[in-house]
Amino acid sequence: MLSQAAQDVRGRGNATAAAWALGRYAEEAAQSGDDAGALRALDQARFAYDFADHTSEQAWVRFVTPYRMDSLTLSVYGELKRQELTATADSAVERLGGELPESGVVVLGDLSAALLRGGDVDRGAYVAHQFAAAAESKPNTMGRQRAQMIAAGLPDTEHDLASHLLTFATL
């Protein structure tokens, strides 16, 4: 359905929608083990986003900010355990800057989950602590969903943080 959606939103003024559909397709393909399909869809998503103006296209895709595109990329690279994960993580954190935007909570959540899945457990746990603080200061539904995912990926040494995140997720 996501592949079909990306095809259906082609044309002028639909680049953000196409990028979103392709990015989500990349996430799903990565989760199902289709590495080549995931990377191809991710490249297409990023290419489409290069032509996007999320602030002036359809209202329903205005949440697809550069931060959200970072999240999609982190999710795919983490699932596939790609070497590009570290450089992409650094770039995403740099883009967030000092003042965490509203969507930054989601980026931190995706970053932590990607690092944990990608095998960088220490850095993933470190970012999970940052995510927990950000999620509490700027709570949202997507943050709560990510809290559950992160808690499941934390090592046993982070039991207190995992419990805290699970509690936060159920609020």
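Okay, let's start with one residue: what does Leu74 touch, if we skip residues up to four places away in sequence? Leu85, Thr88, Ala89 and Ala92, then Val107, Asp110, Leu111 and Ala114.

Before I go on, remember this is a predicted model. Mean pLDDT comes out at 88 for the protein, with 93% of the residues at 70 or more. By element, helix H3, residues 35-50, has the highest mean, 95, while helix H1, residues 2-8, has the lowest, 64. Where pLDDT is low, don't read the coordinates in detail.

So, back to the inside. Leu74 belongs to the largest nonpolar core, which has 38 residues. Leu74 is one of those with the most contacts inside that core, along with Val76, Phe131, Ile150, Leu154 and Leu165. Who builds it? At least two residues each come from H2, H3, H4, H5 (84-96), H6, H7 (121-137), H8 and H9 (159-169). H6 gives the most, eight residues. There's also another core, apart from that one, with 12 residues, including Ala19, Trp20, Leu22 and Tyr49.

Now, for the docking-minded among you, pockets. The second largest has about 220 Å³ of space. Which residues lie nearest its centre? Glu27, Gln31, Ser75, Arg146 and Met149, out of 13 in the lining. Helices H2 (15-31), H4 (66-80), H6 (104-118) and H8 (141-153) each put at least two residues into that lining. As for chemistry, the lining has seven charged residues, three polar and three nonpolar.

That's my tour, over to you.

Terms used. Residues numbered from 1 in each chain as written. Predicted model: local features only at pLDDT ≥ 70, side-chain atom pairs only at ≥ 80, totals over all residues. Heavy atoms only, no water. pLDDT = per-residue confidence, 0-100. Helix = DSSP H or I, 4+ residues; strand = E, 2+ residues; numbered from the N terminus. 1 Å grid on protein atoms, 1.4 Å probe; cavity = no way out; pocket = protein on both sides within 12 Å on 5 of 7 lines; lining within 4 Å. Points joined across faces, edges and corners; volume = space filled by probe spheres on them. Nonpolar A, V, L, I, M, F, W, Y, C, P; charged D, E, K, R; others polar. Core = buried A, V, L, I, M, F, W, Y, C linked by side-chain atoms within 4.5 Å. Buried < 20%, exposed > 50% of the residue type's maximum accessible area, 1.4 Å probe, protein only. Contact = heavy atoms within 4.5 Å.
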